[in-house]
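Me: Got a minute to go through this one with me? I'll paste it in, then start asking.
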Amino acid sequence: MTSPKSLWDFLPFFLGGVPVTLGVTFLAMAVAVPVAVILAIGRKSPHALARWPAGFVIELFRGSSALVQLFWAFYVLPLFGLTLSPLVCGVVVLGLNEGSYMSEVVRAGLDAVPKGQREAAVALGLPPRYRLFRIVLPQALPLMVPPFGNELITMLKFTALVSLVTIQDLSFRASLIGDTLGESGPIFGLTIVVYFVLALILGGLVRLLERAVGRQAGRNVVSVAAPHEARLPAASPLSVPAWALGGGG
Amino acid sequence: MSGFHWDWAFAWSIVPQLAQGVVVTVIATVAGSALAFMLGLVWTFLRIAQIRLVTPAVWFFVQFIRGTPLLIQLYFLFYVLPTWGLTVSALATGIIGLGLFFSAYAAEIYRAGIEHLPAGQWEAALTLGLPVRRVWTGIILPQAIRAVLPMLGNIVVSMFKQTALLSTITVLELLARGMAIGQMTYRFVEPLTLVGAFYFVVSYVSARALRSLETRDEVRA
């Protein structure tokens, strides 16, 4: 009945999930960032042929549950003759889903470039492609670093889903260990803590990156986060008059 | 090699089963939202009240919830609540999990709503000599909540999509029904596509409605 093994015996196996989780996070992010840029540019394009498909992809991926998309790619796509490995499946679905949300951030970044820049480029007779890649994007990308940092942490949490398509990340290993021990509470408690610590570490790295990019203007873009989790600027002390705090409580 | 083909007769035949899942999904969304909105208000007030130890603890708790995956929080509650003597159904566990997770976001939204009220509202309330409790319930909260209604609506839409995670803790909501049909019949195309389409239609329409609400508010302001 009682297993002689304890949770600690499985710790090395469990922590082996950390590189997997981080790997999936960064791979999915590597898909999400270009997807977001392409979708945002497509959405702003004057050509309906670019605008319409971009809008379609964004609404499609934002409109339904990421888990449903993941299962659809995993179970239904093979019937089309497209069999993806679990890793490719997870990375692509997470990347496309998160990229659709992030396209909003990119769009805000593009909008934040002063209009005069575009007008000056037009006045100089620069072709549209040159205006985008040499004038607008280079100025917009630094603005997007802080919100992209937030999205990296969202992605880290997001990757827990890939455990459901058999990728051996932290969550997958936690389930396995829980089943083996016959007691899942402690291992999932530990798993939450490990995710939180990873999020803190990534958050710290992102802040270092922000400082390296060192653009004060970037702050303005933070509030234009993707709406799926209704994110708001970081905590600050509440501006409520002192007299309103007394009494009732 | 099985190849793709869509069988309308089969698709229609599974609609009643999926509809049962829709009911569970809707219950989870409504109950989870109600819990999130209430708890969120509690967190906001505990933060405003600046109680020693309690306020920092609440802040940390909110950060912790926002910093970790909902999936693992659900697993944790599912396995741990019974050991704490709280033996509730899987659906109730899921509702608690969703409510806790989104209450962390709701708290931030309430906070933003309260902070964005013009200072004149506080001054007028003070001048009128209203009791503090009345200032909150009669002046501040009604205005603050109305201002952030579209954002609270976004929470409901997000939660609706996230209810799919409850399938992993044995709740027979929409996705779980779809997967069960797939595993029984070895046909995944119809159930999973119908499930996805349902999520898409509902959240697309509600997101559109919320967007028009937001723009209307902007015009009014």
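Me: Is A:Gly23 buried or exposed, or partly exposed?
Reply: This is a predicted model, and in it A:Gly23 comes out as partly exposed, because 15 other C-beta atoms lie within 10 Å, while 20 or more would make a residue buried and 12 or fewer exposed.

Me: Ok, and which helix does A:Gly23 lie in?
Reply: A:Gly23 belongs to helix H2 of chain A, residues 17–44.

Me: How far is A:Gly23 from A:Asp169, C-alpha to C-alpha?
Reply: The two C-alpha atoms are 9.3 Å apart, although 146 residues separate A:Gly23 and A:Asp169 along the chain.

Me: Switching to the interface: how many residues of chain A and chain B are in contact?
Reply: There are 45 from chain A in contact with 54 from chain B.

Me: Which elements of chain A give two or more residues to that?
Reply: Helices H3 (48–63), H4 (66–76), H8 (170–181) and H9 (185–213) of chain A. H9(A) has the largest share, with 8 residues.

Me: And what's the class split on the chain A side?
Reply: On the side of chain A that touches chain B, 26 are nonpolar, 16 polar and 3 charged.

Me: Now chain B. At what angle do H1(B) and H7(B) cross?
Reply: Roughly 135°, with the axes of H1 (8–49) and H7 (149–162) coming within 10 Å. H1(B) and H7(B) are therefore oblique to each other, and their crossing is right-handed.

Me: Which residues meet there?
Reply: From H1(B), B:Thr29, B:Gly32, B:Ser33, B:Ala36 and B:Phe37; from H7(B), B:Leu152, B:Ile155, B:Val156, B:Met159 and B:Phe160. By class, that contact has 7 nonpolar and 3 polar residues, with no charged ones.

How values were computed: Residues are numbered from 1 along each chain as its sequence is written. Chains are lettered from A and ligands numbered from 1 in the order in which they are written. This is a predicted model: local features need pLDDT of at least 70, side-chain atom pairs count only at pLDDT 80 or more; totals for chains, interfaces and linings use all residues. Axes are lines fitted to C-alpha atoms, for helices over the stretch in contact, and angles run from 0 to 180 degrees between N-to-C directions. Helices (H or I, at least four residues) and strands (E, at least two) are DSSP runs, numbered from the N terminus. Angles under 35 degrees count as roughly parallel, over 145 as roughly antiparallel, 65 to 115 as roughly perpendicular and the rest as oblique. A crossing is left-handed if the near helix is turned anticlockwise from the far one by less than a right angle, and right-handed if clockwise. Two residues are in contact if their C-beta atoms, placed from the backbone, lie within 7 Å. Ala, Val, Leu, Ile, Met, Phe, Trp, Tyr, Cys and Pro count as nonpolar, Asp, Glu, Lys and Arg as charged, and the others, Gly among them, as polar.
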